[in-house]
Amino acid sequence: MMSVITPDSNNKSQYTLPIWYHPIYTNGIHPKARFPRDRYTKLLDRLTTTELGTKFDIMEPKEASRSELTMAHDPYYVDNFLNQTLTEKEVKRIGLTPWTPEIIPRTLLLVGGAISALERVVNHGGIAGNMAGGTHHAHFDFGSGYCIFNDLAVCSMIAIKKYGISKIAILDFDVHQGDGTATILQNVPEVLTISIHCKQNFPFRKSISDYDLELPPKAEDAAYLKMVRKALELTTEFEPELILFQAGVDGLTTDSLGKLNVSREGMKLRNDLVFDYVIRDSIPTVVFMGGGYSEPIGHTIDAFCDLFVSASQANETILANAD
Ligand SMILES: [Zn+2]
C-alpha cells in the first residue's frame, strides 16, 4: 500500500499510539483514599509534553455496558455494584475507600477504555493502551485489591464472543498475582494466563493460572527478566492472535507494595522483550497499566512513561511494516 504523508499542524507521527484516558480515572477516587490517585494526571502531563506529545493520541473512553461486564462477572455482583448495594465488607475488600458516587462512572469508563483499545487493535492491528486498569484482582463475583471489575477477563470474553478470536495470551507481569483473572478464565481454553509475581506478596491465597512464574522477594533484574523470557517462550508456543499485557511496574525497588527490587532499566528491558516479540509476530496487543505505588510516585510515573514510549515505538514499527 502506498502511503501519503500529509503535513500535520501538530507534527504528529504518522503512527501515533492510541491511549484511552479520562480525568475521572483520578477524580473518581476520593482524595482521602489510600491510593496514589494522582498517578493518572501526572502521567498524562508527562505524555503530553511537546517532546512526547506527538507520539500519542489521547482518546476518550465510553462506559462499559452491563452486558459487557456480565460476560465475565456474576450479574448479581454487577447489579449490586451499579445499585450501590454491595455490603460494607465487600467494599472494604476492594479498597479505594471512602467511595463517592463517582466511583461508578469511573469504573465503567475505566473498563470502557480497555474495551475501546481492544476494538482498535482487533480492527486495525498494532498496539493500543488504556491509561489505567489491569484490574486483575477482581473475581467473578467479588472485587479485591483496588479492583472492581476485571478488564482483562472482560476483554478476553469480548474478544472470543464478539470477534471470534480463539487464542488470547494474558501476560501479567505485575508484582502481584493475577488471581481474579486466573479464576475467571480457568475453564476458558481460548485464553492462556501467565503471571509473573512475587511469591510472598498479596494475594496471600494464590489462584492457579495456566503458568505461575513465582519469584522470591528481592529477586532483582536478572531473575525477573529470566522469567519474562520464559513467559515469552510459553507464549510463542501458544501462538496467540491477541495479547493482553498487564504491565504493572510495582516490581520496582522503590515500590511500597513491591518487594522484587527491579530497576527502572530492568523494567525497560522487560517492556522491550515483550514488544520485540509483539513486533516479530505482529500480534495485536492491548497494554493495561497495572500497579505502581512508588514513594515518591515519580519513580512509578517514570516507569509508566517508559512503558508507553516503548509501546509507541513498537506500534510504529508494526504499522509501518504492514503498509
Ligand atoms: Zn500489583
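Guide: Two residues are in contact if their C-beta atoms, placed from the backbone, lie within 7 Å. What you're looking at is a predicted model: local features need pLDDT of at least 70, side-chain atom pairs count only at pLDDT 80 or more, and totals for chains, interfaces and linings use all residues. Numbering starts from 1 along each chain as its sequence is written.

Visitor: Which residues of H7 do Val111, Ala114, Ile115, Leu118 and Val122 in H6 meet?
Guide: Helices (H or I, at least four residues) and strands (E, at least two) are DSSP runs, numbered from the N terminus. H6 covers residues 103-124 and H7 covers 151-161. Those five H6 residues meet Asp151, Val154, Cys155, Ile158 and Ala159.

Visitor: How do H6 and H7 lie relative to each other?
Guide: Their axes (lines fitted to C-alpha atoms, for helices over the stretch in contact; angles from 0 to 180 degrees between N-to-C directions) are 10 Å apart, at an angle of about 40°. Under 35 degrees counts as roughly parallel, over 145 as roughly antiparallel, 65 to 115 as roughly perpendicular and the rest as oblique. So H6 and H7 are oblique.

Visitor: On to the sheet. Which strands stand at its edges?
Guide: It's an open sheet of eight strands with parallel pairing, in the order E2-E1-E3-E8-E7-E4-E5-E6; strands pair if DSSP finds at least two bridges between them. An edge strand here has a single partner strand, so one side of it has no neighbour in the sheet. That goes for E2 (56-59) and E6 (211-215).

Visitor: What angle does H7 make with E7?
Guide: Neighbouring strands in this sheet are turned by 15° against each other on average, direction ignored. H7 packs on the sheet and touches E4 (168-172), E5 (191-198), E7 and E8. Its direction makes with that of E7 an angle of about 175°.

Visitor: How many of the residues of E7 are buried?
Guide: Buried means 20 or more other C-beta atoms within 10 Å of the residue's own, exposed 12 or fewer, and partly exposed in between, with C-beta atoms placed from the backbone. In a regular strand the side chains alternate between the two faces of the sheet. Here Leu242, Leu244 and Gln246 point one way, Ile243 and Phe245 the other, and all are buried. The count for E7 is five of five.

Visitor: Which residue in E8 is the bridge partner of glutamine 246?
Guide: E7 (242-246) sits parallel to E8 (285-288), joined by four bridges, and E4 is joined to E7 by five. On the E4 side, isoleucine 170 has leucine 244 as its partner. Towards E8, isoleucine 243 goes with threonine 285, and glutamine 246 goes with phenylalanine 288.

Visitor: Which residues of H10 make the contact with H9?
Guide: H9 (220-238) lies across E4, E5 and E6, running at about 175° to E5. The axes of H9 and H10 (264-281) come within 10 Å and cross at roughly 15°, so the two are roughly parallel. H9 brings Asp221, Tyr224, Leu225, Val228, Arg229 and Leu232, while H10 brings Gly266, Leu269, Arg270, Leu273 and Tyr277.

Visitor: And tyrosine 40: buried or exposed?
Guide: Tyrosine 40 lies in H2 (39-47). Leaving aside neighbours within four places in sequence, it is in contact with Tyr25, Thr26, Met131 and Ala132. The C-alpha atoms of tyrosine 40 and tyrosine 25 are separated by 6.7 Å, with the two 15 residues apart along the chain. Because tyrosine 40 has 24 C-beta neighbours inside 10 Å, it counts as buried.
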